[in-house]
Structures are given as C-alpha cells and as structure tokens.
Amino acid sequence: MAAGATIESSNKSRRNKASALQTAWVLNLLTDLAFNLLIFFVVCASTTPEKGRPQQVPSASKDKPNEAKPQTVEVALTRTTVTINGAEVSSKDFTGKLKELLDVKPKPEDRVVIVKSAKDTPYRHWIRVTGMVEEAGGVITLQLEEEKEVTVR
Amino acid sequence: MRFKRRKLGISPPYVSMADIAFNLVLFFVILAKTQDESHIVWEPAEAQGAKAAPISRVSISVDKDGLVYFNGKQAGVRDLAPLVEKELANLSPKDRAVLLKIHKETLASTFEPILEAVSQAGGEVVHVIEDERK
C-alpha cells in the first residue's frame with residue numbers, strides 16, 4: 001500500500017511538472033504574439049502616406065506680354081479673383097470657359113496657359129486654379145517678374 | 001513515511017527574450033526618421049486630384065511664417081536651385097520628384113520663385129495637398 005502511494009505520488013508530480021512546462025511554453029508564445037500584434041498596430045497607425053499632386057511646370061516665361069504668342073490663353077490671379085484673357089470669371093464657370101478655349105487647339109504646344117499671379121495671391125487659391133487649368137487640359141507656364149541686379153554707385 | 005516534494009524549477013524564458021529584443025529593435029528602427037520635420041508648422045492647401053505622393057529624396061517646405069526649408073533645414077530661395085540640382089544629380093527622370101509642402105496662406109511672391117528654382121534644377125514638382133472636402 002505504501003509502494004502504491006509512492007508510485008501514485010511520483011506520477012502526480014510528473015503530471016504537475018509536465019503541465020507546468022506546458023504552461024510555461026504557452027506563456028512564452030503568448031508574449032511573442034502580444035509583441036507582434038503591438039508592432040503591427042503601431043506600424044499601421046503611424047504610416048500615413050502624404051498625398052500630393054504632380055505638376056509639370058516648364059521654366060517660367062520671362063517674355064513680355066506683347067511678345068507672347070498670339071491666342072495663348074492667359075490666366076491672371078489676384079488675392080480673390082481669377083481672369084481669363086482679362087475677363088473675370090467665377091470659380092464655377094472657370095473650367096468650362098477654359099475648356100471651350102482649349103478644345104479648339106488639338107496640339108499640346110498650343111494648349112499653353114500662361115499663369116500670372118499677383119504678389120499677394122495665396123497658395124490655396126493658386127493650387128485650386130492651376131488644378132482646374134490642368135483639368136481643362138491646359139499646360140501651365142508661369143510668368144514671373146524678371147529680376148535684374150543693379151549696381152548703385 | 002515522508003515523501004520528498006520535488007521543487008519545480010522555473011527558469012526565465014531565454015528563447016523568447018531574444019525574440020522580444022529583436023521585436024523592440026524593429027519597433028525603434030521603424031519609428032526612427034532620417035529627416036525630422038516636426039518643427040515646421042504648416043497646413044496643406046485643399047485641392048482635388050490628390051494621390052499618394054511618391055517617395056522623394058528632396059522636400060521643400062514653407063511654414064506659416066514664410067520661412068523656407070530644404071530637407072528640414074532652413075534655406076534661402078536663391079540657394080534652392082543648386083541644392084536641388086545636387087540632390088537630384090545622376091537620378092533617372094522617374095526619381096526626380098520634389099515634394100513641395102507649402103503652407104496654404106503662403107503668397108505668390110514666396111512660392112513662385114521656389115517653383116521656378118525646382119523647374120530649373122530639373123525636378124518634377126509634386127504639391128503636397130489635402131483632398132478638397134465637398
């Protein structure tokens with residue numbers, strides 16, 4: 001009877017040891033899983049790619065207005081307004097009116113749109129209008145004021 | 001009769017410690033940024049046609065005070081063309097994107113010369129904007 005009790009207690013201790021080992025392995029794996037999930041969610045949450053819009057901007061035309069090619073569409077921007085060939089146009093009608101002028105010019109080189117901005121034109125206004133020019137099929141060229149270095153004696 | 005209890009030895013999980021260490025290293029490598037632009041305060045303009053911006057070696061930022069930054073460092077507008085040219089040297093045309101992060105209220109007197117400088121240096125301009133909410 002004593003021998004039976006000894007065998008039973010050793011079996012019981014073996015089972016306890018086995019289950020403790022199993023528990024330890026499971027805990028190890030769960031820890032790994034927890035860290036992997038943590039990294040997964042951190043990476044997903046942090047990588048928000050920026051959104052942008054590419055734009056082809058050829059080198060600015062420094063031609064004077066009277067030297068510009070005839071029939072080139074000219075868009076002028078001020079702080080709040082936009083004009084096409086000198087005529088003020090509302091934002092809603094801008095794309096339609098520009099498309100009408102550009103549709104008669106099948107060649108890409110003829111669809112150049114000269115964009116002149118007043119010095120106080122805000123970027124948000126400029127980017128919206130140039131987006132509409134591209135939507136209408138125009139090729140944007142900027143007209144900048146020419147800078148000259150003058151030596152003062 | 002005394003029965004000896006065998007003490008169960010509990011040892012630290014050496015195998016998974018190595019995994020944890022590598023995971024932490026990956027975590028910090030991913031978080032580390034090569035260009036720190038967190039000091040530049042700016043708001044993007046809203047417009048249509050925004051797509052995922054390409055990965056670019058060059059970014060030019062203009063903050064709300066009108067200060068110009070080249071790859072996170074303050075620069076003058078006149079210095080931009082040579083800086084951009086140097087960064088884009090020997091790159092193929094598809095890798096010449098230059099990200100422009102211009103604050104929405106920046107005036108034309110500031111951003112137009114920047115566009116001209118990038119165009120002169122042979123870069124492809126990519127305006128970083130937000131999708132316009134309708």
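## Close-up views of a predicted two-chain model

**K51(A) has A52(B), a residue of β2(B), as its bridge partner.** In this predicted model, the pair belongs to a stretch in which β1(A) and strand β2 of chain B (residues 51–52) run antiparallel to each other and are joined by 2 bridges.

**An open sheet of 7 strands takes in β1(A) together with strands of chain B.** Read across the sheet, the order is β2(B)-β1(A)-β7(B)-β6(B)-β3(B)-β4(B)-β5(B), and the pairing is mixed. Because β2 and β5 (73–74) of chain B each have a single partner strand, they stand at the edges, and one side of each is left without a neighbour in the sheet.

**At the β5(B) edge of the sheet, strand β4 of chain B (residues 68–70) pairs with β5(B).** These two strands run antiparallel and are joined by 2 bridges, and within this pairing Y69(B) has Q74(B) of β5(B) as its bridge partner.

**Helix α2 of chain B (residues 77–88) lies across three strands of chain B, namely β3 (58–62), β4 and β6 (97–102).** The helix runs at about 160° to β3(B).

**Chain A and chain B meet through 38 residues of chain A, which are in contact with 45 residues of chain B.** On the side of chain A that touches chain B, α1 (2–46), β1 (51–55) and α3 (123–135) of chain A each supply at least two residues, and α1(A) gives the most, with 13 residues. Sorted by class, this side of chain A has 18 nonpolar, 11 polar and 9 charged residues.

**Side chains alternate along strand β2 of chain A (residues 73–77).** V73(A), V75(A) and L77(A) point to one face and are buried, whereas E74(A) and A76(A) point to the other face and are not buried.

**V75(A) of β2(A) has a partner in β5(A) and another in β3(A).** Strand β5 of chain A (residues 112–117) runs parallel to β2(A), to which 5 bridges join it, and here V75(A) stands opposite V115(A). Strand β3 of chain A (residues 82–84), by contrast, pairs with β2(A) in the antiparallel sense over 3 bridges, and in β3(A) the bridge partner of V75(A) is I84(A). The strands β2(A) and β3(A) form a hairpin, with 4 residues lying between them. V75(A), which has these partners in β5(A) and β3(A), is also one of the buried residues of β2(A).

Terms used
Residues are numbered from 1 along each chain as its sequence is written. Chains are lettered from A and ligands numbered from 1 in the order in which they are written. This is a predicted model: local features need pLDDT of at least 70, side-chain atom pairs count only at pLDDT 80 or more; totals for chains, interfaces and linings use all residues. Two residues are in contact if their C-beta atoms, placed from the backbone, lie within 7 Å. Ala, Val, Leu, Ile, Met, Phe, Trp, Tyr, Cys and Pro count as nonpolar, Asp, Glu, Lys and Arg as charged, and the others, Gly among them, as polar. Two strands pair if DSSP finds at least two bridges between them. Axes are lines fitted to C-alpha atoms, for helices over the stretch in contact, and angles run from 0 to 180 degrees between N-to-C directions. A residue is buried if 20 or more other C-beta atoms lie within 10 Å of its own, exposed if 12 or fewer, and partly exposed in between; C-beta atoms are placed from the backbone.
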